[in-house]
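Q: I have a structure open and want to go through it piece by piece. Can you help me read it?

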Amino acid sequence: VQLQAFGGGLVQAGGSLRLSCAASGRTVSSDNMAWFRQAPGKERDFVAAVSWSGGRSYYADSLKGRFTISRDNAKNTMYLQMNSLKPEDTAVYYCAARQITSDYRGNYAYWGQGTQVTVSS
């Protein structure tokens, strides 16, 4: 499976961005998927996860209410809608598929290359 994340960019504080993660190689419709992010000089942090069906979603506590994760299995694609962006949201955002730990905030088998999100104040 190859994952390609795109949709990042430069946005002013308070703005919105929608990230996409397109999977190729095989379907990911049976895999849980997730978004993580890594700011410069910091460890990778969990952002959000979505179950294989899209019926359940999980968020980092600090992001609830601003970010929304979703997926379209027909398109083999996952999304992250980010609203009310803050400068502290600046990071490289990575998508991942196929959860391999019991914790959805843990590790995944497949990772995308990341897309840069920069929020200016």
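Q: How do β1 and β3 pair, and over how many bridges?
A: This is a predicted model. In it, β1 and β3 are antiparallel partners, joined over five bridges.

Q: Which residue in β3 is the bridge partner of Gln2?
A: Ser24 is the bridge partner of Gln2.

Q: And the side chains along β1, where do they point?
A: They alternate. Leu3 and Ala5 point to one face and are buried. Gln2, Gln4 and Phe6 point to the other face and are not buried.

Q: What sheet do these strands form, and in what order?
A: An open sheet of four strands, in the order β1-β3-β8-β7, with antiparallel pairing. The edge strands are β1, residues 2-6, and β7, residues 67-72, and each of them pairs on one side only. On average, neighbouring strands of this sheet are turned by 15° against each other, direction ignored.

Q: How many bridges join β3 to β8?
A: Six bridges. Strand β3 covers residues 17-24, strand β8 covers residues 77-82, and the two run antiparallel. As an example to look up, Ala22 in the one strand stands opposite Thr77 in β8.

Q: What about the loop between β7 and β8, what is found there?
A: Ala74 is one residue found in that loop. Ala74 has a relative accessible area of 77%, so it is exposed. Its C-alpha atom is separated by 9.1 Å from that of Thr27, and those two residues are 47 apart along the chain.

Q: Changing topic. How many aromatic pairs are there?
A: The count comes to six aromatic pairs. One of them is Phe36 with Trp111, a tilted pair at 5.0 Å centre to centre, with 55° between the planes.

Q: Which parts does that pair tie together?
A: Phe36 lies in strand β4, residues 33-38, and Trp111 lies in strand β10, residues 108-111, so the pair ties together parts that are 75 residues apart in sequence.

Q: Are those two buried or exposed?
A: Phe36 counts as buried, because its relative accessibility is 2%. Trp111 counts as partly exposed, at 27% relative accessibility.

Q: Why is the pair of Phe46 and Tyr104 put in its class, stacked or tilted?
A: The ring centres of Phe46 and Tyr104 are 5.5 Å apart and their planes are at 55°, so this pair is tilted. It also links distant parts of the chain, with Phe46 in strand β5 (residues 44-50) and Tyr104 in the loop between β9 (91-99) and β10, 58 residues apart. Phe46 is buried, with a relative accessible area of 12%, and Tyr104 counts as partly exposed at 25%.

Q: Which residues do the ring pairs link into a cluster?
A: Phe36, Phe46, Tyr58, Tyr104, Tyr108 and Trp111.

Q: What sits over the ring of Tyr79?
A: The charged end of Arg18, at 4.0 Å from the ring centre. Elsewhere, Arg105 lies over the face of Tyr104, 5.6 Å from the centre of that ring.

Q: Now charges. How many salt bridges does a search of the whole structure find?
A: Six. Side chains of opposite charge can pair when their charged atoms come close.

Q: What does Asp31 meet in a salt bridge?
A: The side chain of Arg26, at 2.9 Å from N to O. Asp31 has 4% relative accessibility, so it counts as buried. Arg26 counts as partly exposed at 27%. These two are also linked with Arg98 in a network of salt bridges.

Q: And Asp89, which residue does it form a salt bridge with?
A: Arg37, with the closest N and O atoms 2.9 Å apart. Asp89 is in the loop between β8 and β9 and Arg37 is in strand β4, 52 residues apart, so that pair links distant parts of the chain. Both residues are buried.

Q: What about Asp61 and Lys64, how are their side chains paired?
A: They meet in a salt bridge, 3.4 Å from N to O. Asp61 counts as exposed at 66% relative accessibility, and Lys64 is exposed too, with a relative accessible area of 52%.

Conventions
Residues are numbered from 1 along each chain as its sequence is written. This is a predicted model: local features need pLDDT of at least 70, side-chain atom pairs count only at pLDDT 80 or more; totals for chains, interfaces and linings use all residues. Side-chain values use heavy atoms; hydrogens and water are left out. Two strands pair if DSSP finds at least two bridges between them. Axes are lines fitted to C-alpha atoms, for helices over the stretch in contact, and angles run from 0 to 180 degrees between N-to-C directions. Rings of Phe, Tyr and Trp (its six-membered ring) pair if their centres lie within 6.5 Å; planes under 30 degrees apart count as stacked, over 60 as edge-to-face and the rest as tilted. Buried means under 20% relative accessible area, exposed over 50%, partly exposed in between (1.4 Å probe, protein chains only). A charge sits over a ring if NZ of Lys or CZ of Arg is within 6 Å of the ring centre and within 35 degrees of the ring normal. A salt bridge is a side-chain nitrogen of Lys or Arg within 4 Å of a carboxyl oxygen of Asp or Glu.
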